[in-house]
Amino acid sequence: MAIYWILFIGIAVLSYLAQWNVKRKFEKYAKMPLDSVMTGKDVAEKMLHDNGIYDVTVKSTRGMLTDFYNPADKTVNLSEAVYGSNSVAAAAVAAHECGHALQHAQSYAPLKMRSAMVPMIQFSSNIVTWVLLAGILLINSFPQLLLTGIVLFAMTTLFSFITLPVEINASQRALVWLNRSGITNISNHGAATDALKSAAYTYVVAALSSLATLIYYILIYTNRRS
């Protein structure tokens with residue numbers, strides 16, 4: 001168990017560093033303007049239209065790094081720092097979210113799997129903490145409760161790993177289009193790549209953290225039998 005805690009603390013530190021790095025890179029590349037006058041909104045709309053997508057709306061949403069694509073209502077939601085900004089960071093983030101819209105339009109299998117799991121994940125995330133806590137407290141008299149919690153948490157772990165190819169593929173689509181369309185060039189394409197790679201690391205660390213936590217609960221369950 002000592003080795004596990006060392007691993008768990010290590011992943012927690014990596015998670016903090018990954019989040020800090022994304023914020024730092026975004027702030028850095030947010031100060032690097034594009035050669036054109038296009039904003040994040042303009043980049044998003046151009047990428048959608050260049051790929052024959054006209055039924056997706058680009059909207060502004062509050063917060064920082066709160067950008068997301070909503071397949072339910074077909075909206076690309078860009079944070080305020082991205083929507084109206086003429087920067088490499090804004091272009092990279094906007095194109096990444098449009099990458100998800102392209103995945104949706106082309107029925108990208110991992111995205112379909114992730115979308116299908118959302119209702120189940122929303123349900124399990126609301127109760128899994130309480131089920132696991134109660135399961136640990138009642139492990140000797142009612143071990144099945146902890147096992148139920150482990151199964152629920154395993155779903156969130158699976159969701160984290162399915163998210164990885166979805167996010168990485170969206171970034172790949174974004175970078176290819178940014179380069180092909182001329183939005184980025186030899187002087188700033190590396191910055192866009194760096195920004196999206198940094199964001200991808202946060203998903204990798206999140207998946208590993210979820211896996212480590214799942215293993216921890218499994219060890220608690222199996223050790224009660226020894």
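**Exercise 1. Determine which residues H96 touches, leaving aside those up to four places away in sequence, and describe its setting.**

Solution. Beyond the residues up to four places away in sequence, H96 touches E167, A170, S171, A174 and L196. The model is a predicted one. Next, place the residue: H96 belongs to helix 4. Its relative accessibility is 9%. The cut-off for a buried residue is under 20% relative accessible area, and H96 therefore counts as buried. A polar contact of 3.3 Å joins the side chain of H96 to the side chain of H100. Finally, the C-alpha atoms of H96 and M38 are 16 Å apart in space, with their positions 58 residues apart in sequence.

**Exercise 2. Describe the packing of helix 4 against helix 7, giving the angle and the distance between the axes.**

Solution. Two quantities describe a pair of packed helices: the angle between the axes and the distance between the axes. For helix 4 (residues 88-105) and helix 7 (residues 189-223), the angle is about 55 degrees and the axes are 9 Å apart. The next step is classification. Angles of 65 to 115 degrees count as roughly perpendicular and those under 35 as roughly parallel; helix 4 and helix 7 are therefore oblique to each other. Their crossing is right-handed. On the side of helix 4 the contact involves V88, A92 and H96, which meet A191, A192 and L196 of helix 7. By class, the residues of this contact comprise five nonpolar, one polar and no charged.

**Exercise 3. Carry out the analysis for helix 4 and helix 6.**

Solution. Begin with the geometry: the axes of helix 4 and helix 6 (residues 143-181) come within 7 Å and cross at roughly 115 degrees. The crossing of helix 4 with helix 6 is right-handed. Then list the participants. Helix 4 contributes A91, A92, A95, H96, G99, H100, L102 and Q103, while helix 6 contributes V166, E167, N169, A170, S171, R173, A174, W177 and L178. These residues divide into nine nonpolar, six polar and two charged.

**Exercise 4. Establish whether T202 is buried or exposed, and identify its contacts.**

Solution. T202 is located in helix 7. With a relative accessibility of 14%, T202 counts as buried. A polar atom of the T202 side chain lies 2.5 Å from the backbone oxygen of A199. Apart from neighbours within four places in sequence, T202 is in contact with A18, Q19 and V22.

**Exercise 5. Examine the phi values of K74 and S107 and locate both residues.**

Solution. Most residues other than glycine have a negative phi. K74, which is not a glycine, has a positive phi of about 55 degrees. The residue sits in the loop between strand 2 (68-70) and strand 3 (75-79). Its relative accessibility of 31% makes K74 count as partly exposed. S107 also has a positive phi, near 55 degrees. Its location is the loop between helix 4 and helix 5 (109-137). S107 has a relative accessible area of 44% and is partly exposed.

**Exercise 6. Summarise the protein as a whole: its elements, its dimensions and its buried share.**

Solution. Count the elements: there are seven helices and three strands. Their order from the N terminus is α-α-β-β-β-α-α-α-α-α. The C-alpha trace spans about 65 × 35 × 25 Å along its principal axes. Of the 226 residues, 45% count as buried. Lastly, among contacts between residues at least 6 apart in sequence, 71% join residues at least 24 apart.

Note on methods
Residues are numbered from 1 along each chain as its sequence is written. This is a predicted model: local features need pLDDT of at least 70, side-chain atom pairs count only at pLDDT 80 or more; totals for chains, interfaces and linings use all residues. Side-chain values use heavy atoms; hydrogens and water are left out. Axes are lines fitted to C-alpha atoms, for helices over the stretch in contact, and angles run from 0 to 180 degrees between N-to-C directions. Helices (H or I, at least four residues) and strands (E, at least two) are DSSP runs, numbered from the N terminus. Angles under 35 degrees count as roughly parallel, over 145 as roughly antiparallel, 65 to 115 as roughly perpendicular and the rest as oblique. A crossing is left-handed if the near helix is turned anticlockwise from the far one by less than a right angle, and right-handed if clockwise. Contact means heavy atoms within 4.5 Å. Ala, Val, Leu, Ile, Met, Phe, Trp, Tyr, Cys and Pro count as nonpolar, Asp, Glu, Lys and Arg as charged, and the others, Gly among them, as polar. Buried means under 20% relative accessible area, exposed over 50%, partly exposed in between (1.4 Å probe, protein chains only). A polar contact is a pair of N or O atoms within 3.5 Å; within protein, one must be able to donate a hydrogen and the other to accept it, and residues adjacent in sequence count only if both atoms are side-chain atoms.
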